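Me: I'm new to this structure and would like to understand the words people use for it. Could you walk me through a few of them?

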Amino acid sequence: MKLAEFQQIGCEHEGVPLAGFAARPPSGDRLPTVLAFPGAAGGALRMRMTVSKLAELGYLAAAVSMYDAREDASDEKAAGRLFMELIKAPDRLRSRVRTWFDAVAALPGADPDRMAAIGYCFGGKCVLELARGGADVKVTIAYHGLLTTDAPARPGDIKGEVAAYCAGRDPFVPVADIDALRGELTEAGVPHQITLFSDARHAFTDPEADSHGRAGIAFDALAERISWAGTVELLDMKLRDRS
């Protein structure tokens, strides 16, 4: 797959510099825009492939990091430390995802009225916190995401549609968490779809997941294809009004 040309982007949150990159179609103004958050370990190449695919579909797509840009997050221990720092500071996490949302919405060519957010693993938690915090996100999609929260959505908090693609054999996301998310969204009156791949494991969208050699983490080609196909259709319907 030929990767798109990327534009380096960045912002600052509470004095911390943040970095990411964006890809866009060859032309177009006020493009439907997708903000993408990676897992705790980053996965820059995989995120480049994701935003490339989105750009080919006509979206301005941005992949962003939640970590201090001065840190070497490619180091597993450093990434783990940075991840835990944010997990232990839920208000900071929610504020930081909102800072990224505002920064991407302000990019040249972005359409702030047609924004979506997708996230993998830790990124799934990030996009759900973005939606719970009241950002004007038309579509929020979490893949094998961390689902728990310190501040559940109340009626009116979440502005758009939520989709969660979950794994039945995910050691990091028990079925009880999936049920809790369903209950939270139902009580808050949020239109949502929760898909459970009963035999899939954590990180099922990542073709390199098996290389980690960790129990409970594995690629699942069928789950990956179905979740991506659902993503494409949902983005098309909600950001382009093609019902």
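Reply: Gladly! Keep in mind that this is a predicted model. A good place to start is D111, which lies in strand β5, spanning residues 110-120.

Me: Why is D111 called buried?

Reply: The relative accessible area of D111 is 6%. Buried means under 20%, so D111 with its 6% counts as buried.

Me: What makes the pairing of D111 and R30 a polar contact?

Reply: Their side chains are joined at 3.0 Å, and the cut-off for such a pair of N or O atoms is within 3.5 Å. R30 is also one of the residues that D111 touches, along with L31, P32 and T33, leaving aside residues up to four places away in sequence.

Me: Now the cysteines. How many disulfides does the structure hold?

Reply: It holds 0 disulfides. C121, for instance, is in none: the nearest cysteine sulfur belongs to C126 and is 11 Å away. A disulfide needs two cysteine sulfur atoms within 2.5 Å.

Me: And how do you know that C166 is not bonded to C121?

Reply: The sulfur of C121 is the closest cysteine sulfur to that of C166, yet it is 11 Å away. The limit is 2.5 Å, so this is too far for a bond.

Me: Are C121 and C166 buried or exposed?

Reply: C121 has a relative accessible area of 13%, and C166 has 2% relative accessibility. The cut-off for buried is under 20%, so C121 is buried, and so is C166.

Me: Which residues touch the most other members of the largest nonpolar core?

Reply: Those are F37, M66, W100 and V104, in a core of 50 residues. Not counting residues up to four places away in sequence, F37 has contacts that include M66, W100, I118, Y120 and C126. Another core lies apart from the largest one; it has 28 residues, among them L54, I141, F204 and L235. In general, nonpolar side chains tend to be buried together in soluble globular proteins.

Me: What about empty space: how many cavities of 30 Å³ or more does a search of the whole structure find?

Reply: The search finds 1. The largest cavity has a volume of about 40 Å³, which sits above the 30 Å³ limit of that search.

Me: Which residues line the largest cavity?

Reply: The lining is made of P90, L93, K125, E129, T149 and D150. Helices α3 (90-105) and α4 (122-132) each supply at least two of the lining residues.

Note on methods: Residues are numbered from 1 along each chain as its sequence is written. This is a predicted model: local features need pLDDT of at least 70, side-chain atom pairs count only at pLDDT 80 or more; totals for chains, interfaces and linings use all residues. Side-chain values use heavy atoms; hydrogens and water are left out. Helices (H or I, at least four residues) and strands (E, at least two) are DSSP runs, numbered from the N terminus. Buried means under 20% relative accessible area, exposed over 50%, partly exposed in between (1.4 Å probe, protein chains only). A polar contact is a pair of N or O atoms within 3.5 Å; within protein, one must be able to donate a hydrogen and the other to accept it, and residues adjacent in sequence count only if both atoms are side-chain atoms. Contact means heavy atoms within 4.5 Å. A nonpolar core is a set of buried Ala, Val, Leu, Ile, Met, Phe, Trp, Tyr and Cys residues joined through side-chain atoms within 4.5 Å. On a 1 Å grid over the protein atoms alone, a cavity is a set of points where a 1.4 Å probe fits but cannot get out, and a pocket is an open set with protein on both sides within 12 Å along at least five of seven lines; lining residues have an atom within 4 Å of a point. Grid points are joined across faces, edges and corners, and a volume is the space filled by probe spheres set on the points.
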